[in-house]
Amino acid sequence: MANVVIIGAQWGDEGKGKVVDIYTEHAQQVVRYQGGNNAGHTLVVGDETIVLHLIPSGILHPGKRCIIGNGVVLDPKIFLGEIEGLKKRGYMQDDSQLVVDSNLHVIMPWHKAIDLAREKHADRKIGTTGRGIGPTYEDKVGRRGIRMSDLVKPQVFRRKLKEILPEKNFLLENFFGEAPLDEEQIFAEYSGYAQQIEKYIGCCSRSLNKAIEEGANLLFEGAQGTLLDIDHGTYPYVTSSSTCIGGVCTGSGVAARHINSVIGITKAYCTRVGGGPFPTELDWETPGTVGYHLSTVGAEKGVTTGRSRRCGWFDAALLKRSAQVNGLSGLCITKLDVLDGLKELKICVGYELDGEQTDILPMGADDISRCVPIYETM
Ligand code: IMO
Ligand code: MG
């Protein structure tokens, strides 16, 4: 199968976990390269349902090495909780199955506090998952983040806490009116996590490139979806990472020429959680409507935050954008069976935008919010 990337072609929740699970059989290493525990990948194994937010779903297959790449942001408490849950259920009996890159950025308590405070105070809410994802990536780009390699060195961690925390507390207390965070408590708690995580730390890029030299098949497990990409999505209603193909290289240290195929995952209709434009959105709350059918038959509730997902018709013009940006070489359409029982199906094939027609989703939330869908009915 060579090296395959699985990418969400819509706004996330396309059923990536299921497809990753199928491909994992043919891969030796499974890699997460962006996002964090804002993702929620549901896997059904026999009569067991397992939800993973951070650890690649390949972990359910003994002998498959799972890598959390440098492009991911990691919440140590969630990470350790996920490992504990897996071990309890008989998975991940061998610790060497999991590698965490030393350069990835750690989600700290202030990131979560600022994420929640911003959403609470914002007029135009993004509807984030509140997991601290955006603020952690902000600090990464702002060169004031804490990497995993910093967390495991007590002196470095202490120095960084002293540098960073006063600014965060100033913001929390004086701008947002929230409680400040305590340096000693954070140091003790996160040093404890670091000790437990140390055995998993390695170099993602080196490990993957060695595997490539040895002829292994790699599987890259995308989180979120193309329209949530920080550059190519419905900005500002996006997540803070590169969810598109470009994120694979920057988030794992594997060169583009090693990527052999890119599989886009799309539902047979559209869903979106959180705020932002959604041209083909239907009324999904009123019983008896098509939207309600999609919402209920499709069981469209987010597995990370439990929020209802907004639902609408399939959007081919949006998919065209995803296919272009990612260079999709294959497509997997999920949840076709949810359309069973609908008398009429509509597919959006383009939009009217400011008096002109276009057959591809424009960029940016403002243009997208003015798009009036053009449908083909069948
Ligand atoms: P998976 O991997 C669907 C959405 C949030 C919000 C926006 C920004 O399960 O497909 P963030 O917390 O990332 O800053 O929130 O992105 N979002 C997702 N929507 N599936 C996901 O992941 C998502 N991860 C983030 O609802 O609108
Ligand atoms: Mg999900």
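Analyst: Let's start with the yardstick for this predicted model: a residue counts as buried when its relative accessible area is under 20%, and as exposed when that figure is over 50%.

User: Why is F278 called buried, then?

Analyst: F278 has a relative accessible area of 7%. The cut-off is under 20%, so F278 qualifies as buried. W11 passes the test too, with 3%.

User: What makes W11 and F278 a tilted aromatic pair?

Analyst: Six aromatic pairs turn up under the ring rule. In this one, the ring centres of W11 and F278 are 5.0 Å apart, and the angle between the planes is 50 degrees. Centres must lie within 6.5 Å, so the two rings do pair. Planes under 30 degrees apart would be stacked and over 60 edge-to-face, so 50 degrees leaves "tilted". The partners come from distant parts of the chain: W11 is in the loop between strand 1 and helix 1, and F278 in the loop between strand 12 and helix 10, 267 residues apart.

User: And why is the pair of F157 and F187 called stacked?

Analyst: Their centres are 5.4 Å apart and their planes meet at 20 degrees. That angle is under 30 degrees, so the label is stacked. F157 belongs to helix 6 and F187 to helix 7, so this pair ties together parts 30 residues apart in sequence. Both F157 and F187 are buried.

User: What makes R158 count as a charge over the ring of F187?

Analyst: R158 is 4.0 Å from the ring centre and lies over the face of F187. The limit is 6 Å, so the distance fits. K346 over Y375 fits as well, at 5.5 Å from the ring centre.

User: Why is D13 called partly exposed?

Analyst: D13 has 23% relative accessibility. Buried requires under 20% and exposed over 50%, so D13 falls in between. G40, at 13%, is below the first cut-off, so G40 is buried.

User: How do you know that D13 and G40 coordinate the magnesium ion?

Analyst: The OD donor of D13 and the O donor of G40 sit 2.1 to 2.5 Å from the magnesium ion (ligand 2). Donors have to be within 2.8 Å of this metal, so both make the cut. The two residues are 27 apart in the chain, with D13 in the loop between strand 1 and helix 1 and G40 in the loop between strand 2 and strand 3.

User: What makes strand 7 and strand 5 a pair?

Analyst: Strand 5 and strand 7 share three bridges in the parallel sense. At least two are required, so they pair. Within this pairing, C66 stands opposite L98. Strand 7 also runs parallel to strand 9, over two bridges, so the pairing rule is met there as well. V100 is the residue facing I201 in strand 9.

User: Why are strand 9 and strand 15 called edge strands?

Analyst: The open sheet has eight strands in the order 9-7-5-2-10-1-11-15, with parallel pairing. Strand 9 and strand 15 each pair on one side only.

User: Which residues touch the most other members of the largest nonpolar core?

Analyst: That core has 47 residues, and I59, I68, L74, F79, L98 and F157 have the most contacts with other members. Helix 7 is the top contributor, giving six residues. A separate core of 18 residues includes Y33, I67, L208 and I245.

Technical notes. Residues numbered from 1 in each chain as written. Chains lettered and ligands numbered in written order. Predicted model: local features only at pLDDT ≥ 70, side-chain atom pairs only at ≥ 80, totals over all residues. Heavy atoms only, no water. Donors = N, O, S within 2.8 Å, 3.2 Å for Na, K, Ca; no water. Helix = DSSP H or I, 4+ residues; strand = E, 2+ residues; numbered from the N terminus. Buried < 20%, exposed > 50% of the residue type's maximum accessible area, 1.4 Å probe, protein only. Core = buried A, V, L, I, M, F, W, Y, C linked by side-chain atoms within 4.5 Å. Lys NZ or Arg CZ within 6 Å of the ring centre and 35° of its normal.
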